[in-house]
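Dear colleague,

Please find the structure we discussed directly below. My notes on it follow, arranged by topic.

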Amino acid sequence: MSSQLKTFHSALQTFNSLAPFVKFSHFTANQAIFEAVHGFDRVHIIDLDVMQGLQWPGLFHILASRAKKVSSVRLTGFGPSSELLAQTGSRLAQFAASLGLPFKFNPVEGKFGDMSELELSRIDFRANEATVVHCMHHKLYDIIGSNFGLLRVLSTVKPKLVTMVTQNIDIFETGSFLERFIETLHYYSAMFDALGEGLSRDNVLRHQVEQQLFGSEIRNILACDDVDG
């Protein structure tokens with residue numbers, strides 16, 4: 001599983017470097033978070049699938065540039081692999097230190113929506129923090145767990161803001177295979193065309209994104225009514 005996750009994350013990082021879609025979603029979500037925590041000197045971010053943490057250096061930059069400096073930034077990162085979470089936490093800690101930003105990473109292996117009442121202590125809620133929850137939705141694997149559990153935990157956390165980045169693809173759980181096929185064809189045709197505008201057909205990076213990222217998502221959408229279960 002860890003090897004497969006590394007492949008997914010590497011392909012997503014490559015896609016992020018080649019196309020503006022993910023970068024734009026990072027920028028808009030970070031700006032919303034920055035505005036939501038205005039006036040608070042302690043910030044707690046809960047990322048439901050932190051992956052490589054590509055989004056957070058941008059937020060660290062603007063938090064570090066605030067006139068009223070933050071005294072604490074905590075990031076609780078969820079993910080399916082403790083090994084990859086540790087690597088992500090180390091990279092983010094080094095980056096935050098380079099900005100002089102007080103930072104702590106709290107890795108949680110598992111899914112936010114599957115947490116029991118006893119497991120909620122792993123998130124370590126603090127009343128004096130401004131808490132925000134972020135989710136970058138994708139079709140590579142289930143990142144949330146139980147949807148009911150997600151709502152239950154959110155009602156306990158009571159965040160200042162919830163940001164969710166989703167793909168603009170209209171796939172419903174009750175959709176037939178033909179409906180999913182047609183919608184997937186339209187969406188990914190546009191994505192393949194966008195990627196092909198800047199890269200030749202034999203480009204290695206293009207092949208990595210097409211096969212490991214797009215290919216995996218297409219397979220999940222067509223094979224399942226809903227990858228999120």
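Q52 counts as buried, because its relative accessibility is 19% and the limit for that class is under 20%. Please bear in mind throughout that this is a predicted model. Q52 is found in the loop between β1 and α3 (56-64). Leaving aside neighbours within four places in sequence, Q52 is in contact with H9, S10, Q13, T88 and R91.

The loop between β1 and α3 also holds M51. The phi angle of M51 is near 50°, a positive value in a residue other than glycine. As background, most residues other than glycine have a negative phi. M51 is buried, at 11% relative accessibility. K158, which is not a glycine, likewise has a positive phi of about 50°. K158 lies in the loop between α5 and β5, and with 64% relative accessibility K158 counts as exposed.

The sheet

In what order do the strands of the open sheet lie? The order of the five strands is β3-β2-β1-β4-β5, and the pairing is parallel. At the edges are β3 (103-109) and β5 (161-165), each of which pairs on one side only. From one strand to the next, the twist averages 15°.

Helix α4 (residues 82-98) packs on this sheet, where it touches β2 (72-79) and β3. The direction of helix α4 makes about 170° with that of β3.

Within the sheet, β1 (residues 42-47) and β4 (residues 130-136) are joined by five bridges in the parallel sense. One residue to look at here is I45, whose bridge partner in β4 is V132.

Salt bridges

The count of salt bridges comes to six. I describe some of them here.

The side chains of E117 and R152 meet in a salt bridge, with 3.3 Å from N to O. E117 lies in the loop between β3 and β4 and R152 in helix α5 (residues 147-157), so this pair ties together parts that are 35 residues apart in sequence. The relative accessible area of E117 is 53%, and E117 is exposed. R152 is partly exposed, with a relative accessible area of 23%.

A salt bridge also joins the side chains of R126 and D124, at 2.7 Å from N to O. R126 is partly exposed at 31% relative accessibility, and D124 is partly exposed at 30%. Both residues belong to a network of salt bridges that links R74, D124, R126 and E129.

In a further pair, the side chains of R206 and E210 form a salt bridge of 2.8 Å, N to O. Where do R206 and E210 lie? Both are in helix α7 (residues 204-223), four residues apart, which is about one turn of the helix. Are R206 and E210 buried or exposed? Both of these residues are buried.

Helix α6: a surface patch and a buried methionine

Which residues form a nonpolar patch on the surface? The patch is formed by F177, L178, F181, I182 and L185, and together they have about 480 Å² of accessible area. L178, one of these residues, has its place in helix α6 (residues 177-198). L178 counts as exposed because its relative accessibility is 54%, and the class begins over 50%.

M191 is found in helix α6 as well. In contrast to L178, which is exposed, M191 is buried, with a relative accessible area of 11%. Not counting residues up to four places away in sequence, M191 touches F15, F21 and F214. M191 and F214 are 23 residues apart in sequence, and their C-alpha atoms are 8.5 Å apart in space.

To look through the model in the order of these notes, you might begin with Q52 and its contacts, which include T88 and R91. The sheet could come next, with its order β3-β2-β1-β4-β5, followed by the salt bridge between E117 and R152. Helix α6 would then be the last stop, with L178 and M191.

With kind regards

Key. Residues numbered from 1 in each chain as written. Predicted model: local features only at pLDDT ≥ 70, side-chain atom pairs only at ≥ 80, totals over all residues. Heavy atoms only, no water. Pairing = 2+ DSSP bridges. Helix = DSSP H or I, 4+ residues; strand = E, 2+ residues; numbered from the N terminus. Axes fitted to C-alpha atoms, helices over the stretch in contact; angles between N-to-C directions. Contact = heavy atoms within 4.5 Å. Salt bridge = Lys/Arg side-chain N within 4 Å of Asp/Glu carboxyl O. Buried < 20%, exposed > 50% of the residue type's maximum accessible area, 1.4 Å probe, protein only. Patch = residues over 30% accessible without salt bridge, like charges linked within 9 Å, V, L, I, M, F, W, Y side chains within 5 Å. Areas by Shrake-Rupley, 256 points an atom, 1.4 Å probe, with all protein chains shown as cover.
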